[in-house]
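Grab a pencil and work through these exercises one at a time. Try each task yourself before you read its solution.

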Amino acid sequence: MIIGVGCDICQISRLKHNFEKTAERLLTDNEYKIFSGFQSERRKIEFLAGRFSAKEAVVKALDVPMLIKNIEILNDENGKPYCTLDGYKIHISISHEREYSCAYALCESAD
């Protein structure tokens with residue numbers, strides 16, 4: 001059963017200032033490893049904006065208070081983003097354009 005749908009958009013340049021500290025605050029350890037593996041500053045900021053948008057979309061879809069750092073967005077072997085939270089099946093879509101990142105989350109009960 002669908003619990004909710006969330007959408008968020010983020011201006012990528014908004015995260016440029018202090019992006020390393022922001023990444024430490026927002027990303028899980030696994031996400032931070034991926035973030036650290038990117039060579040260019042631009043790609044790091046783009047990744048951070050996408051993850052921020054996706055996490056915000058999950059919070060909106062679930063409509064329950066939670067820390068963004070407790071939401072983990074990873075990619076499967078085909079590159080498709082996914083999120084695992086106990087009790088939920090969460091479908092994620094993340095898109096980037098020159099200046100913006102946006103994400104959608106569709107949350108279902110795991111039953």
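## Exercise 1: Phe47 and its ring partner

At 4% relative accessibility, Phe47 counts as buried. Keep in mind that you're looking at a predicted model.

**Task.** Which residue forms an aromatic pair with Phe47, and how are the planes arranged?

**Solution.**
- Step 1: find the partner, which is Phe38.
- Step 2: check the centres, which lie 5.4 Å apart.
- Step 3: look at the planes. The angle between them is 55°, and a pair counts as stacked under 30 degrees and as edge-to-face over 60. The Phe38 and Phe47 pair is therefore tilted.

## Exercise 2: two helices side by side

**Task.** Describe how helix α1 and helix α2 are arranged: parallel or antiparallel?

**Solution.**
- Step 1: know what to look for. Two packed helices are described by the angle between their axes and the distance between the axes.
- Step 2: get the values. The axes of α1 (residues 19-26) and α2 (residues 29-37) come within 9 Å, and they cross at roughly 155°.
- Step 3: apply the cut-off. Angles over 145 degrees count as roughly antiparallel, so α1 is roughly antiparallel to α2.
- Step 4: list who meets whom. From α1 come Phe19, Glu20, Ala23, Glu24 and Leu26, and from α2 come Glu31, Tyr32 and Phe35.
- Step 5: sort these residues. Five are nonpolar, three are charged and none is polar.

## Exercise 3: rings in α2

**Task.** How many aromatic pairs does the whole structure have, and what does the pair of Tyr32 and Phe35 look like?

**Solution.**
- Step 1: count. A search of the whole structure gives three aromatic pairs.
- Step 2: describe the pair. The rings of Tyr32 and Phe35 sit 5.4 Å centre to centre with 35° between the planes, a tilted pair.
- Step 3: place the two residues. Both are in helix α2, three residues apart, about one turn of the helix.
- Step 4: compare their surroundings. Phe35 is buried, at 0% relative accessible area, whereas Tyr32 is partly exposed, at 24%.
- Step 5: widen the view. Ring pairs join Phe19, Tyr32 and Phe35 into a cluster.

## Exercise 4: a charged residue

**Task.** Is Lys44 buried or exposed, and what does Lys44 touch?

**Solution.**
- Step 1: locate Lys44, which is in helix α3.
- Step 2: use the cut-off. Buried means under 20% relative accessible area, and Lys44 has 14%, so Lys44 counts as buried.
- Step 3: leave aside neighbours within four places in sequence, and the contacts of Lys44 are Phe19, Glu20, Phe35, Ser36 and Phe38.

## Exercise 5: the nonpolar cores

**Task.** Which elements give two or more residues to the largest nonpolar core?

**Solution.**
- Step 1: meet the core. It holds 15 residues, and those with the most contacts inside it are Val58, Ile73, Cys83, Ile90, Ile92 and Ala105.
- Step 2: name the elements: α3 (41-62), β3 (81-85), β4 (88-96) and β5 (100-109). Helix α3 gives the largest share, five residues.
- Step 3: zoom in on Ile92. Not counting residues up to four places away in sequence, Ile92 touches Ala54, Val58, Ile73, Pro81, Tyr82, Cys83, Tyr104 and Ala105.
- Step 4: look elsewhere. A second, separate core has 14 residues, including Phe19, Ala23, Ala49 and Ile68.

Methods. Residues are numbered from 1 along each chain as its sequence is written. This is a predicted model: local features need pLDDT of at least 70, side-chain atom pairs count only at pLDDT 80 or more; totals for chains, interfaces and linings use all residues. Side-chain values use heavy atoms; hydrogens and water are left out. Axes are lines fitted to C-alpha atoms, for helices over the stretch in contact, and angles run from 0 to 180 degrees between N-to-C directions. Helices (H or I, at least four residues) and strands (E, at least two) are DSSP runs, numbered from the N terminus. Angles under 35 degrees count as roughly parallel, over 145 as roughly antiparallel, 65 to 115 as roughly perpendicular and the rest as oblique. Contact means heavy atoms within 4.5 Å. Ala, Val, Leu, Ile, Met, Phe, Trp, Tyr, Cys and Pro count as nonpolar, Asp, Glu, Lys and Arg as charged, and the others, Gly among them, as polar. A nonpolar core is a set of buried Ala, Val, Leu, Ile, Met, Phe, Trp, Tyr and Cys residues joined through side-chain atoms within 4.5 Å. Buried means under 20% relative accessible area, exposed over 50%, partly exposed in between (1.4 Å probe, protein chains only). Rings of Phe, Tyr and Trp (its six-membered ring) pair if their centres lie within 6.5 Å; planes under 30 degrees apart count as stacked, over 60 as edge-to-face and the rest as tilted.
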